[in-house]
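The following exercises are to be worked with the sequence and the coordinates at hand. Each task is followed by a solution in steps.

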Amino acid sequence: MSSSLVAFKNQNYAELKRDCIQRRKLFEDPEFPANDSSVFYEEKPFGIVEWKRPGVSASKKRSK
């Protein structure tokens, strides 16, 4: 890791990536969970928020 970068809450990308690969699990960030509390603070959601991973589109999901 470059000396100019500061890890957020001691999260080290290389270690996290290695761990996910070894466990064969997708990364789930405990500091930014995939739920409404991560994007809505004081206001309620204006609709349904559907969390997706990069590369997953609505058309792919419908075609299954």
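## Exercise 1. A residue ahead of the first helix

Lys9 lies in the segment before H1. The model is a predicted one.

Task: determine which acidic residue pairs with Lys9 in a salt bridge, and describe the setting of both partners.

Solution.
- Step 1. The side chain of Lys9 meets that of Glu31 in a salt bridge, with an N to O distance of 3.3 Å.
- Step 2. Glu31 belongs to the loop between H1 and H2 while Lys9 belongs to the segment before H1, so the salt bridge ties together parts 22 residues apart in sequence.
- Step 3. Lys9 has a relative accessible area of 55% and is exposed, whereas Glu31, at 37%, counts as partly exposed.
- Step 4. The backbone of Lys9 also deserves attention: its phi is positive, about 50°, although Lys9 is not a glycine. Most residues other than glycine have a negative phi.

## Exercise 2. Helix H1 and its ends

Task: state what caps the N-terminal end of H1, which salt bridge lies within H1, and what phi is found just after H1.

Solution.
- Step 1. The protein has 2 helices and 0 strands. H1 spans 13–23 and H2 spans 58–62.
- Step 2. At the N-terminal end of H1 the cap is Asn12, with a side-chain oxygen 3.1 Å from the backbone nitrogen of Ala14.
- Step 3. Within the helix, Asp19 and Arg23 form a salt bridge whose closest N and O atoms are 2.9 Å apart.
- Step 4. The two residues are 4 residues apart in H1, and therefore separated by about one helical turn. An α-helix has 3.6 residues a turn, so residues three or four places apart point the same way.
- Step 5. Both partners are partly exposed: Arg23 at 46% relative accessibility and Asp19 at 34%.
- Step 6. Just after H1, Arg24 takes a positive phi of about 55°, although Arg24 is not a glycine. Arg24 is found in the loop between H1 and H2 and is exposed, with a relative accessible area of 77%.
- Step 7. As a check on the search for salt bridges, the count comes to 2.

## Exercise 3. The surroundings of Gln11

Task: is Gln11 buried or exposed, and which residue meets its side chain in a polar contact of 2.9 Å?

Solution.
- Step 1. Gln11 is found in the segment before H1.
- Step 2. The relative accessible area of Gln11 is 19%; the limit for a buried residue is under 20%, so Gln11 is classed as buried. In the protein, buried residues make up 6% of the 64 residues.
- Step 3. Leaving aside residues up to four places away in sequence, Gln11 touches Leu16, Phe27, Asp29, Pro30 and Glu31.
- Step 4. One of these neighbours, Asp29, is joined to Gln11 through a side-chain polar contact of 2.9 Å.
- Step 5. The C-alpha atoms of Gln11 and Asp29 are 9.5 Å apart in space, and the residues are 18 apart in sequence.

## Exercise 4. Aromatic and nonpolar side chains

Task: find the aromatic pair, name its geometry, and identify the residues that make a nonpolar surface patch of about 330 Å².

Solution.
- Step 1. Searching the whole structure gives 1 aromatic pair. Its members are Phe32 and Trp51, at 5.9 Å centre to centre and with 70° between the planes.
- Step 2. Planes over 60 degrees apart count as edge-to-face, so the pair of Phe32 and Trp51 is edge-to-face.
- Step 3. Phe32 and Trp51 both lie in the loop between H1 and H2, 19 residues apart, and the pair links distant parts of the chain.
- Step 4. Phe32 is partly exposed at 43% relative accessible area, and Trp51 is partly exposed at 34%.
- Step 5. Phe32 and Trp51, with Val39 and Val49, make the nonpolar surface patch of about 330 Å².
- Step 6. For the protein, the accessible surface comes to about 6400 Å², and 54% of that surface belongs to carbon and sulfur atoms.

Technical notes: Residues numbered from 1 in each chain as written. Predicted model: local features only at pLDDT ≥ 70, side-chain atom pairs only at ≥ 80, totals over all residues. Heavy atoms only, no water. Phe/Tyr/Trp six-rings, centres within 6.5 Å; stacked < 30°, edge-to-face > 60°. Buried < 20%, exposed > 50% of the residue type's maximum accessible area, 1.4 Å probe, protein only. Salt bridge = Lys/Arg side-chain N within 4 Å of Asp/Glu carboxyl O. Polar contact = N/O pair within 3.5 Å; in protein donor to acceptor, adjacent residues only side chain to side chain. Contact = heavy atoms within 4.5 Å. Patch = residues over 30% accessible without salt bridge, like charges linked within 9 Å, V, L, I, M, F, W, Y side chains within 5 Å. Areas by Shrake-Rupley, 256 points an atom, 1.4 Å probe, with all protein chains shown as cover.
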